[in-house]
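Visitor: I have a structure open and would like to go through it with you. May I start with one residue and then move outwards?
Guide: Certainly; please show it.

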Amino acid sequence: MALKDLIVPKWKHSRAEVRLAAIDTISNDPKILQEIAQTDLSAQVRIAAIKKIEDEQLLRTIIQTEKEEQVSDVARKQWESMLKKIVASSGDQQAVISALEQYGNEKATAAYLCDHNPDISVQRKLIKQVKSPQLLARITENECAFEIAESILSQISEKEYLERIAQRASNKKIRTIAQEKIKTLFADPLAMEREVTRKLKLCCTGMDIQVSPQNYSQALELLDVSRNVWNKYDPQRQHPLAQTYADAEKILTERIRIADDQKVILETLESICHNAEELGNNPDNTLEERFEQVQIQWNAVDRTKIQDILTVSLDDRFKRACSKAVSAVKASKEAREQLLRYQEALELACSEIELFVNGSAEPDEKTWRRMVANWKRLDAKKSVDETLKKRFSDAEKKYQEKIDSKVQLKKSELQDEIESVERIVSEMESIALSEPQQIRSRYLYAIHLKKEWDKPRPLARKRTMELQETFVHAFESFMTLYHELKEQNSWHQWANEHVKTKIIDEIAALELSLQQGESLKRIARKLSLFENQWRRASGGERETKELDERFTSSRDRIFSIAVAKKTELLETLKALLARTDDTNQAEEVKALQRQWNEIGYLPPELEKDLPDTFYGLCNSYFEQRKEQYQKYAEEVDKNIKIREEICSEAEKLAVSTDWKTGKEAFTQLQKRWDESWPAPHKRSQELWVLFCRSRDQFFEQYHVFQTENDKQKEELCQKAEQLLNRLHVDDSVLTEEEVETVVIESVSDVENDTAAGVQSESAVVESSQQSDADETDKWSRVNYGSILSAAIKLQKLWKEGGAGTKERSEELWERFNGTLRNVFAIIDEEHKKNLEPKELLVKEAESIALSEDWDGTSLRFQEIRNQWKSIGQASRRDEQALWKRLQAAGDTFFGRRRAYFDSRKNIVRKSIEEKQQLIDELEIMVRIAGKSHLLKTSQKQSAAEILKKGIDLRSQLIVDGDPEKTYNNIRKRAFEIIDIWESGEQLRGKDFYDLDRRFDELLGILKRR
């Protein structure tokens, strides 16, 4: 996980699955959703964000800018869903109209007009979107305006929909108008036939579309619709346009098949892209192997069938997926290394716990909790090995046993304290019953028992409280007896007043010496001696009260100075320990300890917890310092090993000739060296010398390589300048063959010098994938295409040559790049000069594509093609675009021309068949008239046909017993045949001339009586 993943929101996480999960938690914040939908690298994440967007304008922007079809489709569906909701639930009529206009769906618009019956202005706007006659007829069945219904009726010419309107329209007048239109349109018996012919002709001409994987489904739908229409009106395929339709159907079917193959290839590429994207989302131990398989699959796809289809978005998508997969592979390796470090940390934590449990030290609950918390923290990250779990469990049981032992020991200590308390109370009661002569000798023991009683006994606190009253009563009883005895002896002590005065003077001298800087420790010891002397010389309270107060006051002033000094030392210690960047901290702590010890011990009631706090802080500091020194030593040992490894790797890299990898490796080694601190100075100096020696050896060889590259790059500059000079040569001096020869020799020399014979991708595209226009293009003087290809090759060779010296790198690059820029500028100018006449030719071709001057336009297309060949080449992109337009215009014209002549052939064939039938009938009439002997040509009818037709005509023409009527019938039928023969278009041609001659011959025979 990247460091920034800890501070950025989840929807900006580096892993796509985390971002995808975070989208569900995002409240509908349009700004965040817009940023994700437009900038996230994962298509799945963008799709999830789009599904939550409710901004119609934003969805339209995404549809227009999104490159991946899958994401764009989701955005379009979301946008359409919003428009449907507006149409279904919005009360704002203007919003509904706007939504319907944007949606552009005929069925939705028709449904709204039928269900909501809007006002006439809205109907006028929306009715323009509906083109289907079925939907238009349905609209008239609802309460639509008469103006709208009349407009609909004027658009429909199909009989079935006119009949539907005539039967179901809500307006009676509209029904009447529909009936009249039916009578007008279909009164002519041939109207239906003409209508059928019109629809079938639409089937033929409407199938001439270019099919691609994008409109594959629309082409299939078009083919299916045209077949249904044709099968509806001409199921037997007997119509004169049947052959034309069959040809168009065959062409469209072939185009659909090709588009289907292209679609399969694109879907395969899409699937490989998806698999590549999934690699980054599902990393495991086989990620690197699966990534190699995906790359092999991508490179193995045969793109020959989609060479004209742009796959830039898929290529970019695959590159992004590969980049992500490479990162995932790297992350997987890092994860394995991290797992290894995690296992080592677990092992270390377990060993530390075992060492702590097996040690001889007393159980320390704070240390134990710290170790267990560390173990649980590691255990919470990943599952722990069962062996380590067993070791931890055993250590935990052993520690619990030590705790139980300690608890048992505490119970024993509790019993001891209870017995001690009871013993003190028993002895204090015994002393309280002492004889008067024993009281003075037992006073100190009583004071000792009092001190023993006042000592803290946390374990026996309850028993102490129970016996507190008994002990106090016994102690006070003894002290009462003692003071009574002391009162009796006070008269002996009044004479010691001069002794006390002397003691007070000595204490005053001590106070003065303290102010002059004498050691508190020495003064405290002297003060303790004076206190003992004072107690021995103490007299009655009445006689020595003033002296006692002076003594107490002087003593307290000295002790207060000592306590203040110790308090100051404690605060100084706390401030010192709060600093973390002081190198002399340990010495200063020791100095404070010495100052504390010089003050010495003070009465416990004055010091209270000052000593415990002071010494506790000092002990904690030195314990922590000890641990830091241990960690420092371990880190030093670890870093020295790292630096030894760095020197070993540097020694291997010193002889490497992979300069780019070597430079990056030395950079990483230097970074690792800088990070491997602290380390022993002396050993580090030795290793640093070894590392620098290897690094200097590598870069000395690298500088030699750069110097050689400078020479090669200078040769490339010369070759580039030669190309530029060739472009400036007079047109009459250099022929196309000479330019081609010079260019090939120049590039061959450079390729041999640099041992790099691989063409760049763009050069291969320029030289190998030539369109029909490229194959026929012949430049008259300078072959700019060859020079362009050579310049691109020089660019490739420059990139493959590696880096040069720093001193000459910029100079050579400016020279080389400036020369090629001039070459490209001249070629680009030539391309622009040739582009304009080609655009004019294309526009002319597009303008005459719909012409019906078949012969003249065909010749003009041939002239345009020849002129195209004579014009120099434009840029490849513009050339291809213009050539496709020119091809489309030619396909349109010649497709129409072919369809026209195919239809004419059908008309001629049908006319010949009709005229042949009339001639056959005339032949039979000649036979019926008894003039078969006058027939000079052999008839093409079989005897069976002649017999069958003769029987039919005989019954119509011959009147038994009346030759005159028979002759009149034959004559009348002959006139009818002549009228039929002369009606319609009179076609020309050898076949028609032969038929006319035969027809006249038969008529001449019939005229004879």
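Visitor: Where does Ser42 lie?
Guide: This is a predicted model. In it, Ser42 is in the loop that runs between helix H2 (30-39) and helix H3 (43-50).

Visitor: Is Ser42 buried or exposed?
Guide: Ser42 counts as buried, because its relative accessibility is 10% and buried means under 20%.

Visitor: Which residues is Ser42 in contact with, leaving aside its neighbours within four places in sequence?
Guide: With those neighbours set aside, Ser42 is in contact with Ala16 and Arg19.

Visitor: Turning to the two helices, at what angle do the axes of H2 and H3 cross?
Guide: They cross at roughly 145°, and the axes come within 8 Å. The crossing of H2 past H3 is left-handed.

Visitor: Which residues meet there?
Guide: From H2, the residues are Leu33, Ile36 and Ala37; in H3 they meet Val45, Arg46, Ala49 and Ile50. By class, this contact has six nonpolar residues, one charged and no polar.

Visitor: Ile50 catches my eye. Which residues touch the most other members of the largest nonpolar core?
Guide: Ile50 is one of them, together with Ile139 and Ile165, in a core of 58 residues. Helix H5 (residues 69-89) gives the largest share of this core, with seven residues.

Visitor: Is there a general reason to expect such a core?
Guide: In soluble globular proteins, nonpolar side chains tend to be buried together.

Visitor: What is Ile139 in contact with, again without its neighbours within four places in sequence?
Guide: Ile139 is in contact with Ala110, Leu113, Cys114, Ile127, Val130, Cys144 and Ile152.

Visitor: And Ile165? Which residues of helix H11 (residues 159-168) are buried?
Guide: The buried residues of H11 are Tyr161, Leu162, Arg164, Ile165 and Ala166.

Visitor: What covers the buried residues of H11?
Guide: The cover includes helix H9 (133-140), helix H10 (146-155) and helix H12 (172-186).

Visitor: Now the whole chain: how many helices and strands are there?
Guide: The protein chain has 39 helices and zero strands. Of its 1009 residues, 36% count as buried.

Visitor: What about its accessible surface?
Guide: The accessible surface comes to about 61800 Å², and 50% of that belongs to carbon and sulfur atoms.

Visitor: Last one: what share of contacts between residues at least 6 apart in sequence join residues at least 24 apart?
Guide: In the protein chain, that share is 71%.

Note on methods
Residues are numbered from 1 along each chain as its sequence is written. This is a predicted model: local features need pLDDT of at least 70, side-chain atom pairs count only at pLDDT 80 or more; totals for chains, interfaces and linings use all residues. Side-chain values use heavy atoms; hydrogens and water are left out. A nonpolar core is a set of buried Ala, Val, Leu, Ile, Met, Phe, Trp, Tyr and Cys residues joined through side-chain atoms within 4.5 Å. Buried means under 20% relative accessible area, exposed over 50%, partly exposed in between (1.4 Å probe, protein chains only). Helices (H or I, at least four residues) and strands (E, at least two) are DSSP runs, numbered from the N terminus. Contact means heavy atoms within 4.5 Å. Accessible areas come from the Shrake-Rupley method with a 1.4 Å probe; for residues, only the protein chains shown count as cover. Axes are lines fitted to C-alpha atoms, for helices over the stretch in contact, and angles run from 0 to 180 degrees between N-to-C directions. A crossing is left-handed if the near helix is turned anticlockwise from the far one by less than a right angle, and right-handed if clockwise. Ala, Val, Leu, Ile, Met, Phe, Trp, Tyr, Cys and Pro count as nonpolar, Asp, Glu, Lys and Arg as charged, and the others, Gly among them, as polar.
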